[in-house]
Amino acid sequence: MITQKGAPLRALAILTMLAGLPSCETADQRIAQKEDHLAAAGFALKPVNSPQQQAMLNRLPPHHFVRRTHGNSVFYVFADPTVCDCLYIGDQAAYDNYQSYRQQKMLADEQQMTAGEYRDAAWNWNAWGPMTGPGWGGWNPAWNPAWGNWDPGMGQYNAGW
């Protein structure tokens with residue numbers, strides 16, 4: 001078998017490039033999408049209309065929430081000097097709506113990424129040998145003689161492993 005010296009490095013570079021493919025969405029597209037969700041959650045869009053407003057917008061951290069208190073009211077401000085040159089301003093309810101949306105989206109994304117059940121009548125698990133050891137029905141240190149009679153003291157959780 002002939003191998004090339006730079007093959008592992010080249011393979012790593014290719015894998016790195018392939019890993020970046022799903023994230024071809026630009027930063028501006030991600031920000032605009034976030035702003036759509038802010039508006040849906042109840043945030044109000046306030047465009048910059050004067051040099052004084054522009055100077056104030058530029059003082060805020062871009063694309064991050066800032067909590068502001070005015071009297072007895074709490075407001076959340078999201079500054080966008082790059083896509084819309086505006087502020088999104090919302091009260092506690094709007095912020096809570098946005099956070100709830102983010103949590104629901106994270107759960108939905110996680111469910112989408114979770115491995116689905118594989119159904120294939122022709123699949124033969126026996127071709128892979130005995131299903132024992134780590135990864136086949138629980139962690140069991142007994143499969144490895146180096147652990148000896150190790151007892152982690154886990155009571156019922158250790159039973160049957």
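Contact here means heavy atoms within 4.5 Å. The model is predicted: local features need pLDDT of at least 70, side-chain atom pairs count only at pLDDT 80 or more, and totals for chains, interfaces and linings use all residues. Residues are numbered from 1 along each chain as its sequence is written, and side-chain values use heavy atoms, with hydrogens and water left out.

**Exercise 1. Overall organisation**

Task: State the order of the elements in the protein chain, the share of buried residues, and the share of contacts that join residues at least 24 apart.

Solution.
- Step 1. Helices (H or I, at least four residues) and strands (E, at least two) are DSSP runs, numbered from the N terminus. The protein chain holds four helices and four strands, in the order α-α-β-α-β-β-β-α from the N terminus on.
- Step 2. Buried means under 20% relative accessible area, exposed over 50%, and partly exposed in between (1.4 Å probe, protein chains only). Of the 161 residues of the protein chain, 13% are buried.
- Step 3. Among contacts between residues at least 6 apart in sequence, 45% join residues at least 24 apart.

**Exercise 2. The nonpolar cores**

Task: Identify the residues of the largest nonpolar core and the elements that each supply at least two of them.

Solution.
- Step 1. A nonpolar core is a set of buried Ala, Val, Leu, Ile, Met, Phe, Trp, Tyr and Cys residues joined through side-chain atoms within 4.5 Å.
- Step 2. The largest such core has nine residues: Leu-38, Ala-41, Phe-43, Tyr-76, Phe-78, Cys-86, Tyr-88, Ala-94 and Tyr-98. At least two residues of this core come from each of α2 (27-41), β3 (73-80), β4 (86-91) and α4 (92-113).
- Step 3. A second, separate core has five residues, among them Leu-57, Leu-60, Val-66 and Ala-79.
- Step 4. Beyond its neighbours within four places in sequence, Tyr-76 has contacts that include Phe-43, Val-66, Tyr-88 and Tyr-95.

**Exercise 3. The faces of α2**

Task: Determine which residues of α2 are buried and what covers them.

Solution.
- Step 1. Helix α2 has 15 residues and reaches 21 Å from its first C-alpha to its last, close to the 21 Å expected at 1.5 Å a residue; the expected span is 1.5 Å times one less than the number of residues.
- Step 2. Its buried residues are Ile-31, Glu-35, Leu-38 and Ala-41. They lie on the same side of α2 because they cover an arc of only 115° around the axis, where the arc is that of the directions from the helix axis to the C-beta atoms.
- Step 3. An α-helix has 3.6 residues a turn, so residues three or four places apart point the same way.
- Step 4. Asp-36 and Ala-40 are exposed on the other side of α2, whereas the cover of the buried residues includes β2 (65-70), β3, β4 and α4.
- Step 5. Just after α2, Gly-42 takes a positive phi of about 115°.

**Exercise 4. The disulfide and the salt bridge**

Task: Locate the disulfide and the salt bridge, and give the exposure of each partner.

Solution.
- Step 1. A disulfide is a pair of cysteine sulfur atoms within 2.5 Å. One is found in the whole structure: Cys-84 is joined to Cys-86, with S to S 1.7 Å.
- Step 2. The link of Cys-84 and Cys-86 is left-handed, with -55° about the S-S bond. Cys-84 is partly exposed at 26% relative accessibility, while Cys-86 is buried at 0%.
- Step 3. A salt bridge is a side-chain nitrogen of Lys or Arg within 4 Å of a carboxyl oxygen of Asp or Glu. The count is one, between the side chains of Asp-109 and Lys-105 (3.0 Å, N to O).
- Step 4. Both residues, Asp-109 and Lys-105, lie in helix α4, four residues apart, about one turn of the helix. Asp-109 is partly exposed at 31% relative accessible area, and Lys-105 is partly exposed at 34%.
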